[in-house]
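Dear colleague,

I am passing on a structure that you have not worked with before, and my notes on it follow below. Please read them with the sequence and the coordinates open beside you.

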Amino acid sequence: MSSAAGRALEGKVALVTGGSRGIGAATARALAADGAAVAISYSVSADEAEALVSDLGRAGARAAAYRADQGDPRQVGDLVAAVTADFGRLDVLVNNAATYVAGRVDDADGDLAAFDRQLAVNVGGVTAGIRAAARLLGDGGRIITVGSMQAVRPGFAGVADYASTKAAIIGYTKGAARDLAPRGITVNVVQPGSVATDMNPADGPFADVQRAANAMGRFGRPEEIAAGIAFLAGPGASFITGTVLTIDGGYLA
């Protein structure tokens, strides 16, 4: 999608949280290819983040990496403010950073602290990012959050807590879209299916089950999700807000 628009984001600045690897890194590359200057955040993957920044720089893009804990609203707010100050503006926020914790609701030994942390990152980090960006984005800005098809159809046992975090951001996105529409700021969710990343490898122990669950019978590539994000970040998506773009290989078909 991004190549069709050429360098549609020339002169724009984008922040991709959790941008050091997987879908986040693919998104950073796609936005840079469309002409944007790109900031990425990371929590632990410093080497991967700096390597990506170097790659983007060699490709001619302005890029920088920032360490931030998406589970801490203060750090999220400081991140958005720092990127805006360093780059001089902010036009696109991609809320990609997330964590995944599995566990059945009837498991008496479930790690409640881990579930709370998942809620803090997957929901708290998104809401804090949107609030901070809403004050700094110019008219016509873009906010895109990476969700999951599990929000609509939790097709496997042990995903209730994770699915609930991804469902929550859909509701928040729809409400924020109403709030920010008068300024031409669009707020949307991209909802991936099974995507081959280091956190969910295509040769992992549950890969066959995931492939069988979608119509195309394969994992998606991070670049396929990034293409949808880049489209929503571009000028061609100016009348799309408060919606969910599902890219799941037919899992919900």
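R89 and D91 form a salt bridge in this predicted model, with their closest N and O atoms 2.7 Å apart. The two partners differ in how they are placed, since R89 counts as partly exposed at 36% relative accessibility, whereas D91 is buried, with a relative accessible area of 9%. Side chains of opposite charge can pair when their charged atoms come close. The count of salt bridges comes to eleven, and two further examples seem worth describing here.

One of them joins the side chains of R29 and D55, which meet at 3.2 Å, N to O. Because R29 lies in helix α1 (residues 22-33) and D55 in helix α2 (residues 46-58), this pair ties together parts that are 26 residues apart in sequence. R29 is partly exposed, with a relative accessible area of 41%, and D55 is also partly exposed, at 28%. The pair does not stand alone, for R29, D55 and R58 are linked in a network of salt bridges.

The other example is R211 with D208, where the closest N and O atoms are 2.7 Å apart. Both of these residues lie in helix α6 (residues 207-213), three residues apart, which is about one turn of the helix. R211 counts as partly exposed at 24% relative accessibility, while D208 is exposed, with a relative accessible area of 56%.

Helix α2, which holds D55, can be looked at as a whole. Its 13 residues should span 18 Å at 1.5 Å a residue, and its end C-alpha atoms are indeed 18 Å apart, so the expected and the modelled span agree. The buried residues of α2 are A49, L52, V53 and L56. Seen down the helix axis, these buried residues fall within an arc of 100 degrees, and they therefore line one face of α2. What covers them includes α1, β2 (37-42) and β3 (63-67), whereas the face turned away from the buried side carries the exposed residues D47 and R58. After α2 comes G60, whose phi is positive, near 100 degrees.

How does α5 look when it is treated in this way, and which of its residues are buried? They are Y162, A163, T165, K166, I169, I170, T173, A176, A177 and L180. Seen down the axis of α5, they fall within an arc of 155 degrees, so that they line one face of the helix. The cover over these buried residues includes α4, β5, β6 (186-192) and β7, and on the other side of α5, R178 and D179 are exposed. The length of α5 also agrees with expectation, because its 21 residues should span 30 Å at 1.5 Å a residue and its end C-alpha atoms are 30 Å apart.

Turning to the rings, a search of the whole structure finds two aromatic pairs. Y100 and Y162 form an edge-to-face pair, at 4.8 Å centre to centre and with 80 degrees between the planes. Y100 lies in the loop between β4 (92-95) and α4 (112-134) and Y162 in helix α5 (residues 160-180), so the pair ties together parts that are 62 residues apart in sequence. Y100 is partly exposed, with a relative accessible area of 44%, whereas Y162 counts as buried at 12% relative accessibility.

F156 and Y251 form an aromatic pair that is stacked, at 6.5 Å centre to centre and with 25 degrees between the planes. Because F156 lies in the loop between β5 (142-146) and α5, and Y251 in the segment after β7 (244-247), this pair ties together parts that are 95 residues apart in sequence. F156 is partly exposed, with a relative accessible area of 27%, while Y251 counts as buried at 4% relative accessibility.

The ring of Y251 has a charged neighbour as well, in that R153 lies over its face, at 4.7 Å from the ring centre. A comparable arrangement is found at F87, where the charged end of R62 sits over the ring, 4.2 Å from its centre.

With best wishes

Key. Residues numbered from 1 in each chain as written. Predicted model: local features only at pLDDT ≥ 70, side-chain atom pairs only at ≥ 80, totals over all residues. Heavy atoms only, no water. Phe/Tyr/Trp six-rings, centres within 6.5 Å; stacked < 30°, edge-to-face > 60°. Helix = DSSP H or I, 4+ residues; strand = E, 2+ residues; numbered from the N terminus. Buried < 20%, exposed > 50% of the residue type's maximum accessible area, 1.4 Å probe, protein only. Lys NZ or Arg CZ within 6 Å of the ring centre and 35° of its normal. Salt bridge = Lys/Arg side-chain N within 4 Å of Asp/Glu carboxyl O. Expected span 1.5 Å × (residues − 1). Arc of directions from axis to C-beta. Contact = heavy atoms within 4.5 Å.
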